Amino acid sequence: MDEAFKNCPIGIFDSGIGGLTVVKALLKIMPFEDIIYFGDTARLPYGSKSNRLITRFSVENSIFLNSKNVKMIVIACNTSSAASSDYLRNFIKLPVIGVIECGALGAVRLTRNKRVGVIGTKSTINSGAYSKTINNLDPEIKVFELPTPLLVHLVEENWIAKGITKAILEEYLEPLLENDIDTLILGCTHYPLLKEQIHAITEKISLVDSSQEIAILVLNTLKIQNILSTRKEPGTTNIFLSDMYPEFSKWAKEFLGKEITANLIDIEQHGLSS
């Protein structure tokens with residue numbers, strides 16, 4: 001494999017900034033990789049849009065990342081992964097990794113009683129992508145999926161520690177707990193920020209953080225395809241947004257533990273539709 005290609009960046013996209021949880025997980029186990037992250041903040045949320053529109057946005061996001069000479073595309077958005085990962089694998093001639101299969105693999109590995117819960121956006125849950133992927137891996141697993149759309153807004157408003165968030169989580173999780181699940185997939189990149197609050201309610205249930213699972217799969221894929229970076233110095237992280245995100249600097253520091261500046265791109269100039 002060409003040495004220059006090995007040192008090309010990993011491309012990641014999400015509908016917003018929640019996918020920075022994936023960036024954080026990647027940097028932890030692959031510090032020598034360059035990363036280019038695109039957050040489509042001008043067109044979020046994806047979770048309430050049609051699969052056709054989500055796929056179009058995902059294709060455009062991938063074309064933008066491909067223009068930055070990435071060696072792999074990671075779909076950090078659960079909604080995009082559910083709607084368009086198969087299409088993108090045929091469209092883009094690069095390795096494409098979606099967060100859905102990573103979360104499914106983690107759940108199959110962790111469950112003991114073969115009863116798995118999933119929380120996510122309406123679009124992700126309505127797609128049935130997690131059930132399908134999990135049952136392709138293990139047909140005996142019973143999957144209970146539940147849309148929890150309010151959680152994204154609570155995270156983005158930084159209401160993580162508020163009492164209303166705890167009350168909403170308890171209301172959402174009650175029917176899943178009644179189904180005797182022993183594993184719960186946090187099926188949105190925002191949800192790991194609520195992990196402590198969710199764990200306090202679910203107690204001994206295993207939580208699947210897809211950002212950690214996807215980092216492991218990315219590393220293994222880079223090794224298998226012999227495209228790990230050969231550099232010995234820390235990689236760079238470049239963030240691109242399609243619209244400026246309020247308090248981006250605060251959230252970037254929360255996710256990545258350091259100050260980072262976002263590059264604002266012109267939607268029309270980069271071929272992104274409104």
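Here is a short chat about the sheets, helices and rings of this predicted model.

Visitor: What should I know about the numbering and the pLDDT limits before we start?
Guide: Residues are numbered from 1 along each chain as its sequence is written, and side-chain values use heavy atoms, with hydrogens and water left out. This is a predicted model, where totals for chains, interfaces and linings use all residues, side-chain atom pairs count only at pLDDT 80 or more, and local features need pLDDT of at least 70.

Visitor: Which strands stand at the edges of the six-stranded sheet?
Guide: Strands here are DSSP runs of E with at least two residues, helices are runs of H or I with at least four, and both are numbered from the N terminus. Two strands pair if DSSP finds at least two bridges between them. The open sheet has the order 4-3-1-2-9-10, with parallel pairing. Each edge strand has a single partner, so one side of each is left without a neighbour in the sheet: they are strand 4 (96-98) and strand 10 (262-264).

Visitor: Which residue stands opposite Val74?
Guide: Look at strand 3 (residues 72-75) and strand 4, which pair in the parallel sense over three bridges. Opposite Val74, in strand 4, stands Ile97.

Visitor: What angle does helix 3 make with strand 1?
Guide: Helix 3 packs on this sheet, touching strand 1 (10-14), strand 2, strand 3 and strand 9 (237-241). Contact means heavy atoms within 4.5 Å. Axes are lines fitted to C-alpha atoms, for helices over the stretch in contact, and angles run from 0 to 180 degrees between N-to-C directions. On that scale, the direction of helix 3 makes with that of strand 1 an angle of about 150°.

Visitor: What is the strand order in the four-stranded sheet, and which strands are its edges?
Guide: This is another open sheet with parallel pairing, in the order 6-5-7-8. Its twist averages 20° from one strand to the next. Pairing on one side only, the edges are strand 6 (142-147) and strand 8 (206-209).

Visitor: Which helix lies across strand 5, strand 7 and strand 8?
Guide: Helix 7 lies across strand 5, strand 6 and strand 7 (183-187), running at about 165° to strand 6. The one you want runs at about 155° to strand 8, and it is helix 10 (residues 195-202).

Visitor: Are helix 5 and helix 7 parallel or oblique?
Guide: The axes of helix 5 (residues 99-110) and helix 7 (residues 129-137) come within 9 Å and cross at roughly 50°. The classes are roughly parallel under 35 degrees, roughly antiparallel over 145, roughly perpendicular from 65 to 115, and oblique for the rest. That makes helix 5, relative to helix 7, oblique.

Visitor: And how do helix 5 and helix 11 lie to each other?
Guide: Their axes, with helix 11 covering residues 210-224, come within 8 Å and cross at roughly 100°. Helix 5 and helix 11 are therefore roughly perpendicular.

Visitor: Is the pair of Phe38 and Phe64 stacked or tilted?
Guide: Rings of Phe, Tyr and Trp (its six-membered ring) pair if their centres lie within 6.5 Å; planes under 30 degrees apart count as stacked, over 60 as edge-to-face and the rest as tilted. Phe38 lies in strand 2 (residues 35-39) and Phe64 in helix 3 (residues 51-66), so the pair ties together parts that are 26 residues apart in sequence. The ring centres of Phe38 and Phe64 are 5.0 Å apart and the planes stand at 50°, so the pair is tilted.
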